[in-house]
There are 4 protein chains.
Amino acid sequence: MDVGFIGLGNMGFGIARSLLRAGHTVTVWNRTAAKAEPLGADGATIASTPGEAAKAGIVMSMLADDHAVAEVVFGEGGILAGAPEALHVSMSTISVALAKRMADAHAEAGSALVSAPVFGRPAAAESAKLFVVAAGEGSHLDRAAPLFDAVGQKSFIVGDAPYEANLVKLAGNFMIAGTTEMLAEAMALGEKGGVARAKLLEVLAGTLFGSPIVQNYGGYIRDEAYLPAGFAAPLGLKDLRLVGEAAEELRVPLPLLGIARDHLLETIAIDGEEIDWSALAKSVFRGAGLK
Amino acid sequence: MDVGFIGLGNMGFGIARSLLRAGHTVTVWNRTAAKAEPLGADGATIASTPGEAAKAGIVMSMLADDHAVAEVVFGEGGILAGAPEALHVSMSTISVALAKRMADAHAEAGSALVSAPVFGRPAAAESAKLFVVAAGEGSHLDRAAPLFDAVGQKSFIVGDAPYEANLVKLAGNFMIAGTTEMLAEAMALGEKGGVARAKLLEVLAGTLFGSPIVQNYGGYIRDEAYLPAGFAAPLGLKDLRLVGEAAEELRVPLPLLGIARDHLLETIAIDGEEIDWSALAKSVFRGAGLK
Amino acid sequence: MDVGFIGLGNMGFGIARSLLRAGHTVTVWNRTAAKAEPLGADGATIASTPGEAAKAGIVMSMLADDHAVAEVVFGEGGILAGAPEALHVSMSTISVALAKRMADAHAEAGSALVSAPVFGRPAAAESAKLFVVAAGEGSHLDRAAPLFDAVGQKSFIVGDAPYEANLVKLAGNFMIAGTTEMLAEAMALGEKGGVARAKLLEVLAGTLFGSPIVQNYGGYIRDEAYLPAGFAAPLGLKDLRLVGEAAEELRVPLPLLGIARDHLLETIAIDGEEIDWSALAKSVFRGAGLK
Amino acid sequence: MDVGFIGLGNMGFGIARSLLRAGHTVTVWNRTAAKAEPLGADGATIASTPGEAAKAGIVMSMLADDHAVAEVVFGEGGILAGAPEALHVSMSTISVALAKRMADAHAEAGSALVSAPVFGRPAAAESAKLFVVAAGEGSHLDRAAPLFDAVGQKSFIVGDAPYEANLVKLAGNFMIAGTTEMLAEAMALGEKGGVARAKLLEVLAGTLFGSPIVQNYGGYIRDEAYLPAGFAAPLGLKDLRLVGEAAEELRVPLPLLGIARDHLLETIAIDGEEIDWSALAKSVFRGAGLK
């Protein structure tokens, strides 16, 4: 089908490529136009504004933060200005507040929003192995379903209000930070008692605690693989801020969030802004007098 | 082989049965003798003291707490008094401090300790599906290996000092409490934002966070299955106290432990002493103004 | 001296009255004009815009939040539009970020900002017993000094960058919430052990811990005096959010802030939006199974 | 009056001297006899066992920990063995559990316990400026009153069960650690924002937050006066453990205790066992990337 695609960062580029590979007709837009060129070679049309990309009637976006998304939707040459009737499938990790604001604005313009953030990394985007978490009205979800199939290994429908998918995505990012904190505490305890990190992780992952996140983030801690960052600490901090804002708005105390965020702040304060967000584990080890 | 077995509670009974089923010659002892009778019918010999059970030369024990283990080792009619030369394979969840004290005492008596706590529930004990986490000197571990094979699906050797296995077991119990806390926070956030617990758990477990513990404890929270207790809150509190004591002794800050323990205290204070330890999740939901 | 005064809420009204009483010539502005009338009777001139009030050449403002302050400074009819040369003495509890933005804007307009938030309640404002915490360039502070003398019992100069005074004020509000949390925990422990709150507070305040905040907030907890609110919980939550934003920007972990904020969220979730912010103590007592 | 006094450490020595100075007839005992000699020169009789000191009919004790107190009460040559009829006035900071056990044992022996821990340092003990927190039956408190007058500036009666005084003392020590944590967080926030610790402390102590503890512990943090220790970190950790045990027994969550204890563990892990317990503030500053 005809689809617009906005935002060709690490994630977006892979997703756009998966859409092309699945046979869809894709019109792409990126703020830095040079990044779009390789996709042009793959058959994508290159638009000069987000609104132009949205003229396909359905447009997906995958951007860095609330600011970038708001710009693309509400700004000059944006979706609402250029193609107010387009169905917008927003895949970015954004605030619940912005998702609500966008849903209202799209509805007012006579169209609609589907929120469809994803779990997975750039490699999974490129190989169509993402998990898609979608929310929106049934007919809109149906319309977007072939696109989800083109980029993900599995889709979950979590509600009919788009923001619900954003909330689930934020809950997931909270779970990643929380799991990192938990593993770091367990591994610091073990290590100071003479049990090597690698050994403890082997036992935990090999018995009742094994999951992709435990394997991956446990591995980063085991190997102290914090640089170069896969996901830089300040970006993680931004995501945890979004979790905190949603929790504050909904009146939900989240003490584990506070701990993980404080350890993330500590690693940024001490280890710098370039480090991976899993380095919140470094704060845990430092506090125990370990390297 | 000939083996003594001490402690026929829910876990111990299943383990002893698995030993018999594997063809070992088992002499059992339990404080309440009546519980031993069904095993007698299965071919076990019933001893009148722990020391007598230990005369088999190798003796396993699975008891409720430090107090019970110390009684069986150091008390009148105990292992050290009755069979000081026996290799003691201690499977109980006990303190690091007691494990060290026992290792010293067994060594002084001319024998040795192997610590071999397990992950798994009574049903896994009965069906030989436990995970065994063992530590001790190599020759002693070799000697105990056939017994581990008889009761577990897999064994992990984590060190040559017995207490290291106890520390790993405590780290595991900390991970269960921490995972419960984390899931409860995520699910409270979701629920207050309109995403049902069952739906959020389905997404988490179906994407990157799925593990046996996430499935099981997430299920308890989803179903509010806190009564009757599978593992009563005061027992969980006792285990977390052992984690805290080890952390204090080793000088390791564990903020997540503090949070989970406080929520466990809260559920005991409000919901009573009979509730399951996973009900620490109730404290999280209560704090958010949810039922 | 001639001075403008913007914002006649509970605090601002008392401050303006103290200025009049000290013999200053005061031009007031308030969004809801009716509130200004009693001051007119006391000799104040009533302006029709903030910018008009600022024509006095020096203008103080005391408003509810960042939004109201930004409106008065940057909005139509605001200070920058109406009297760009006026020295602005900002007494509101606002974010560090807004203080920095205002300082830049006033400087660019050829004038300056002094931040001068206060500690104290409306009664202290009316009786000129506030504590003034001021920051700004020396000559501007000198110019504002007679105004501080007119409203406060003591002034503290904390730096030459205005935002520093705002940061100190936020640190103070953090201290209030932290003291409330600490007292509530101590009193819940005592009460569950049979020591009445009143008795424990008497001992604490009468020995080494007595301070105005311990006396006042300890008294609220002792008497469960949470309604009607002196300072409503959502306003307290807003202030703690500003503390958290400053801490995040400065990369400073504040775990006690997390705890107090979570308990404040809990009391809002359970007890409603009308309750006093000291009711975060209710969450502490509730968690202990106490009323 | 005739009184025995057991325990001549820094605190006990000063208290015994104050008793002598007030004209009481004092029989002292100390484990290391040499420490008693200067008091002999001041007119004290030196006993050879705790039980002998208790023959005065009323005996005060001031010792380091539960272990030392239990030894003096229950051990060979102890109070119960040597003078079972003596009223025991226990001034040590001990666990609630030991206070209960002692109260029972003294009652069974036909006598009684009064708990009377104190707030204040060695200098205050020597100059009779302590605060005494007492609990016990009225007639026993009346009997001990002249002794309290001899050593303290003020006495508080907090209950008729002796352990209640111990609980209040533990709550007070929790307040010291909590205040240290709170001040450190506020001062780290200020310092990273450009406001020196000394300046912030001056404002806090000079406005609404000033108390002896804020002045003293704030001063330690301001001056980084952590060595030599006035009260070594491991002793502080022991006291916080007693608070935690009481809280666990009484089912009271104390999240602030968890934070302060973790920061104390961190400073011990990194800065060593010799440092003052106020150095938990170092952990707070370290976490913010400050020295």
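**Notebook: how the copies relate**

I began with chains B and D: a turn of 180° and a shift of 0.0 Å along the axis lay chain D on chain B with an RMSD of 0.0 Å. Gly258(D) has the C-alpha nearest that axis in chain D, 2.8 Å from it. For the record, I superpose copies by least squares on the C-alpha atoms of residues with pLDDT of at least 70 in both.

A note on what I am working with: this is a predicted model, where local features need pLDDT of at least 70, side-chain atom pairs count only at pLDDT 80 or more, and totals for chains, interfaces and linings use all residues. Residues are numbered from 1 along each chain as its sequence is written, and chains are lettered from A and ligands numbered from 1 in the order in which they are written.

Next I looked up the contact (C-beta atoms, placed from the backbone, within 7 Å). Chain D and chain B each bring 13 residues to it. On the side of chain D that touches chain B, α12 (233-250) and α13 (255-271) are the elements giving two or more residues (helices are DSSP runs of H or I, at least four residues, numbered from the N terminus). The largest share, seven residues, is from α13(D). By class I find seven nonpolar, one polar and five charged residues on this side of chain D. The copies meet through the same surface, because 100% of the interface residues of chain D are also interface residues in chain B.

Then I turned to chains A and B. Chain B lies on chain A with an RMSD of 0.1 Å after a turn of 180° and a shift of 0.0 Å along the axis. That is how a two-fold axis relates copies. In chain B, Ser211(B) comes closest to this rotation axis, its C-alpha at 2.5 Å.

Note on methods: Two residues are in contact if their C-beta atoms, placed from the backbone, lie within 7 Å. Ala, Val, Leu, Ile, Met, Phe, Trp, Tyr, Cys and Pro count as nonpolar, Asp, Glu, Lys and Arg as charged, and the others, Gly among them, as polar.
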